[in-house]
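User: I am new to this structure and would be grateful for a close look at a single part of it. Please describe one sheet in detail, and then add any backbone features that deserve a mention.

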Amino acid sequence: MRAVLRLRPLLAASLLAAALARPALGAARAVPPSHPAGRSVGQVTGTLHHKGCQSVAAGATVAVIGRDASVTADALGRFSIALPPGRYSLLIGGPNLVPDQRVDDVDVAAGKTRDLGLVGVWPEERPQSCGSPEGQAPAEEPVVAVAPEAPSLDLPGGEVGRAPAASEHLWVRGGPGGGPGQFGMQGNPARQDEDALGPSSFAVGSAGSLQVLDALNGRVERFDPRGRPAGSFPLRSQGTEHVVESDLAVSEDGHVYVFHGGEPPTLAQYDPAGRLLVSGALHSSFRGVDQLFCPKQRPLFLMQNGQAVKVELAWGGMHAEGLLPGLPVGSDLFVRAERVSRWLAAVKLSSADGRVRRSIQLHSRVPLTGVRLVGVDRHGLLVVAVDRADGADENAPAAEVLLLALTAQGQLSGVGAVPPGDRRFEFREFVVAPDGTVVQMQSDAGEVRFVRWILPPPPQQSVAGEGLVRGRVLDGGRPSSGAVVSVGRPRRFVPVRPDGSFEIRLPPGHYLLSVRRPGAIPSGFLEPQPLERRVSISAGATVDLGSLPLPLPRRMPEPLAPRPLPEPLDPLPPPGAAPVEPSGL
């Protein structure tokens, strides 16, 4: 029996609407004027300065993870933010700062002010003015923001290469029409028609079958693993016209979820035979859906702001869980991808509380136009599509899509350059198949093609590189300026900065780091052994050793009192001599 239920808007959807309306990190509010803390809230204050320098981080943004609260540091690097009582993590970002830096475990009490003092933040590059600002005295023990691990990868290729032949990897192809193996198509993408439309999405089932969301024909069309038409089923009508802004996902047990981005947006669930089980309207905030995934038995919406909402359909309505900081990968780890600049993209892995644990930096010598998270394969590899374009003709540049398979540790496992799929797709161009291949939907004026791509291991030069080891040397609880950090093989020496910090880049491998205190040992003290740490580093990885306290010199033992020398013995007579009688006898 077909049952159609209208889902109730829940509180979680309202929270989602509020989250989508949050201001961006760079558009934070100005520092509020200084005023006494209220009884129900506390204040967190501090001054941001660049680590390794005494220059302030003016214009940096301080946000609170999990709350809609953020401020911007003033010209002297000062900030103040009001918060209810509790324990918080502050997220710091801004111009020339390593992204996603945090200050954790900030306790706020009602009616109290928590002054963090000087807060050291990591700059991307050494600031031009690195001296001490006027009127700003450095603290002995400043708070240092925690920067996430930032493995760095150089993407292969210095220009857009020649696209591989899609015919070698062709799986399914179909022309315009409404019959088996055909798709509803409109317009000509080769002429850049604004109304060029075709299948908006597709998915690959656990058994390897292809399911295509043929929105213009109002159906889901199926193909078997060999690419042969295997039937179709009709979609629930969305009114007089079919909604082409639609997406589709298939669960492991074969259930099909279809999202329509109309007014209002709707979600429907079909069983493996194509029978409608549940359908209903969603909160208006779901108009910001970027893609629909189904990693387990429950669908998951990936929003345009990189966050995710997990939903469960039932006869009684919809249960929503979120907001989640990205697509789940492993235990308590979530991933999202974003374009940082024309030459840089980042794949960020966060814990459930929103703290970025690792930010994989993708550097490209070809201009980047976008980056998309394709999915997570059965081995836990993160599959990312990086859009690149270059050429003298700005209106029609040469373009390619670089497909990357990354480990959660930031290592490149597979890479392949493919041609872009053109304008017909609305929600989805790539899908990760159960066998690990990446399926792409391509189109032109005459047909729609589904192509399989295998991501081969990367060339050796694309994974070669150095890792970064950093830390902070302390001597008696204070920064040890002038200490020396050394590595035996290869022989490298790095002086410690005035604030006690150091950084050293090393090829992949295992090393023994030694830290020696500066200057001569005072008279009366024994020289202590150097502080040693064993580290293992991989290409592009960052190892933060934290604080390294130097062993203190030990005072020499007190000298012992001199003992009297024994009386000298009489010499022995030479052999054969008469014995000498004692005198006075």
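**A sheet and a loop**

Analyst: In this predicted model, four strands form an open sheet in the order β11-β12-β13-β14, and their pairing is antiparallel. The edges of the sheet are β11 (201–204) and β14 (229–234), each of which pairs on one side only. With direction ignored, neighbouring strands of this sheet are turned against each other by 20 degrees on average. As a general matter, the strands of a sheet pair through backbone hydrogen bonds, either parallel or antiparallel.

Within the sheet, β12 (residues 210–214) and β13 (residues 219–223) run antiparallel and are joined by 5 bridges. One residue pair may be named here: Gln211 has Arg222 in β13 as its bridge partner.

The backbone features lie in another part of the chain, the loop between β5 (86–93) and β6 (101–108), where Asn96 is placed. Asn96 has a positive phi of about 60 degrees, although it is not a glycine. Asp100 also has its place in the loop between β5 and β6. The phi of Asp100 is near 65 degrees, again a positive value in a residue other than glycine. These values deserve mention because most residues other than glycine have a negative phi.

The two residues may also be described by their accessibility. Asn96 counts as partly exposed because its relative accessibility is 34%, a value between the limits of 20% and 50%. Asp100 has a relative accessibility of 8% and therefore counts as buried, the cut-off being under 20%.

How values were computed:
Residues are numbered from 1 along each chain as its sequence is written. This is a predicted model: local features need pLDDT of at least 70, side-chain atom pairs count only at pLDDT 80 or more; totals for chains, interfaces and linings use all residues. Side-chain values use heavy atoms; hydrogens and water are left out. Helices (H or I, at least four residues) and strands (E, at least two) are DSSP runs, numbered from the N terminus. Buried means under 20% relative accessible area, exposed over 50%, partly exposed in between (1.4 Å probe, protein chains only). Two strands pair if DSSP finds at least two bridges between them. Axes are lines fitted to C-alpha atoms, for helices over the stretch in contact, and angles run from 0 to 180 degrees between N-to-C directions.
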